[in-house]
Amino acid sequence: MLEAYARLAERSLRDEPPSEAEALWILDGRDVELLPLLHAASVPRRRWFGNKVMVHILNNVQNGLCPEDCGYCAQNRDSKAEIRKYAMKSDEEIFAEAEHAARAGATRYCMVLSGRGPTLERTRKLAELIRGVKQRWPVEVCLSVGLLDEERARILAEAGLDRLNHNLNTSESRYAEICSTHDFQDRVATLVAARKCGIEACSGLIMGMGEASRDLVEVAFKLRELEVPSIPVNFLIPIEGNQVVSDGSLTPERCLRALALMRLVNPRAEIRAAGGREGHLRALGALCA
Ligand code: SF4
């Protein structure tokens, strides 16, 4: 049995993903032993990243007031959640937060804006801010700004944007169940446009929204197909007032198996245990490594 885990690890070093059947076994196999599985997933992590820790600091530079209806997000137009809503922060505030991130030792500073996607005018404004941050501090700059076409992606790339965060969130087959104002292909097109302009993608998923294991497998392989180098795995934080609430599926073991799957399917990518990890992984959080 231990050989099965060793084979998965060995193949991941050759960038060979598990088969679909193996991927489903990783998530659901009753005979899976968690520690050997996590050890297998740690093999490519150690090979490609060692024990390096990357510090990323996020800044919500615009919050709420979004016309989209992503049901998991408290900023969506139909959410009844009580949140602080504000338009884009001032340049001074954004630069002060970038300086704080750089001084705190961050590798990356990520500006996050609510909304469907930026106008051309807003894109040029963001380009100015990206240039400003990069001229002042030695941090990589990431942006999460909704949908982008190639024209906008090029403006941001020319300003030096390093990465664009844009999550696939769930499988294509069930995307309509979590959002009706844009579709899965809109999200894929954004990642493709960014990549075409030389911006790296940061794209992952949110677990716990009613997906089946085959949906997680589908997303894992789609991210591989898109050659995404940074994959945040989020665990739904149920927020009162949102349309998509917890499906009750997220045990610490389910979360760890999914992280192992993502790494074995995408062995060269940075796999991040992201939003919701503390609440869902609890005492097993340390095993994410
Ligand atoms: S587009 Fe972004 S900010 Fe708007 S509802 Fe969807 S996830 Fe939330």
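R272 and E270 form a salt bridge whose closest N and O atoms are 2.0 Å apart, and both R272 and E270 are buried. The model is predicted, and a search of the whole structure finds 27 salt bridges. There are zero disulfides. The surface includes a nonpolar patch of L35, L284 and L287 and a negative patch of E20, E172, D183 and E218.

**Salt bridges**

- Side chains of opposite charge can pair when their charged atoms come close.
- The pair R272 and E270 is one of the 27 salt bridges in the structure. Its closest N and O atoms are separated by 2.0 Å, within the 4 Å limit for a salt bridge. Both residues are buried, so each has under 20% relative accessible area.
- Salt bridges with shared partners link E10, R11, R14, E16 and E22 into one network.
- Within that network, E16 pairs with R14, with 3.2 Å between the closest N and O atoms. E16 is partly exposed because its relative accessible area is 33%. R14 is also partly exposed, at 47% relative accessibility.
- R77 forms a salt bridge with D78, and the closest N and O atoms of this pair are 3.4 Å apart. R77 counts as partly exposed because its relative accessible area is 47%. D78 is likewise partly exposed, with a relative accessibility of 34%.

**Cysteines**

- Why does C142 form no disulfide with C110? The sulfur of C110 is the closest cysteine sulfur to that of C142, but the separation of 5.1 Å is too far for a bond. The cut-off for a disulfide is 2.5 Å between sulfur atoms.
- C142 counts as buried because its relative accessibility is 7%.
- For C255, the closest cysteine sulfur is in C288, at 8.2 Å, which is again too far for a bond.
- C255 is buried, with 0% relative accessibility.
- A disulfide is a covalent bond between the sulfur atoms of two cysteines. The count for this structure is zero.

**Surface patches**

- L35, L284 and L287 make up a nonpolar surface patch, and their accessible area together is about 250 Å².
- L284 of this patch sits in the segment after α10, a helix that spans 277-281. The relative accessibility of L284 is 31%, so L284 counts as partly exposed. That value is over the 30% required of patch residues.
- E20, E172, D183 and E218 form a negative patch on the surface.
- E172 of the negative patch is in the loop between β4 (163-165) and α7 (184-196). E172 counts as partly exposed because its relative accessible area is 40%.
- Patch residues take part in no salt bridge, so E172 and L284 are both without one.

**Backbone phi values**

- Most residues other than glycine have a negative phi, and most peptide bonds are trans.
- L65 is not a glycine, yet has a positive phi of about 60°. L65 is placed in the loop between β1 (56-62) and α4 (91-103). With a relative accessible area of 61%, L65 is exposed.
- E227 also has a positive phi, of about 55°, without being a glycine. The loop that holds E227 runs between α8 (213-225) and β7 (230-235). E227 counts as exposed because its relative accessibility is 54%.

**Helix residues and separations along the chain**

- H280 is part of helix α10. H280 is buried, with a relative accessible area of 14%.
- How far apart are the C-alpha atoms of H280 and L236? They are separated by 8.6 Å, while the two residues are 44 residues apart along the chain.
- L120 belongs to helix α5, which covers residues 120-136. L120 counts as partly exposed because its relative accessibility is 24%.
- The C-alpha atoms of L120 and I155 are separated by 9.0 Å, and these residues are 35 residues apart along the chain.

Terms used. Residues numbered from 1 in each chain as written. Predicted model: local features only at pLDDT ≥ 70, side-chain atom pairs only at ≥ 80, totals over all residues. Heavy atoms only, no water. Patch = residues over 30% accessible without salt bridge, like charges linked within 9 Å, V, L, I, M, F, W, Y side chains within 5 Å. Areas by Shrake-Rupley, 256 points an atom, 1.4 Å probe, with all protein chains shown as cover. Salt bridge = Lys/Arg side-chain N within 4 Å of Asp/Glu carboxyl O. Helix = DSSP H or I, 4+ residues; strand = E, 2+ residues; numbered from the N terminus. Buried < 20%, exposed > 50% of the residue type's maximum accessible area, 1.4 Å probe, protein only. Lys, Arg positive; Asp, Glu negative; His and termini not counted. Charge placed at Lys NZ, Arg CZ, Asp CG, Glu CD.
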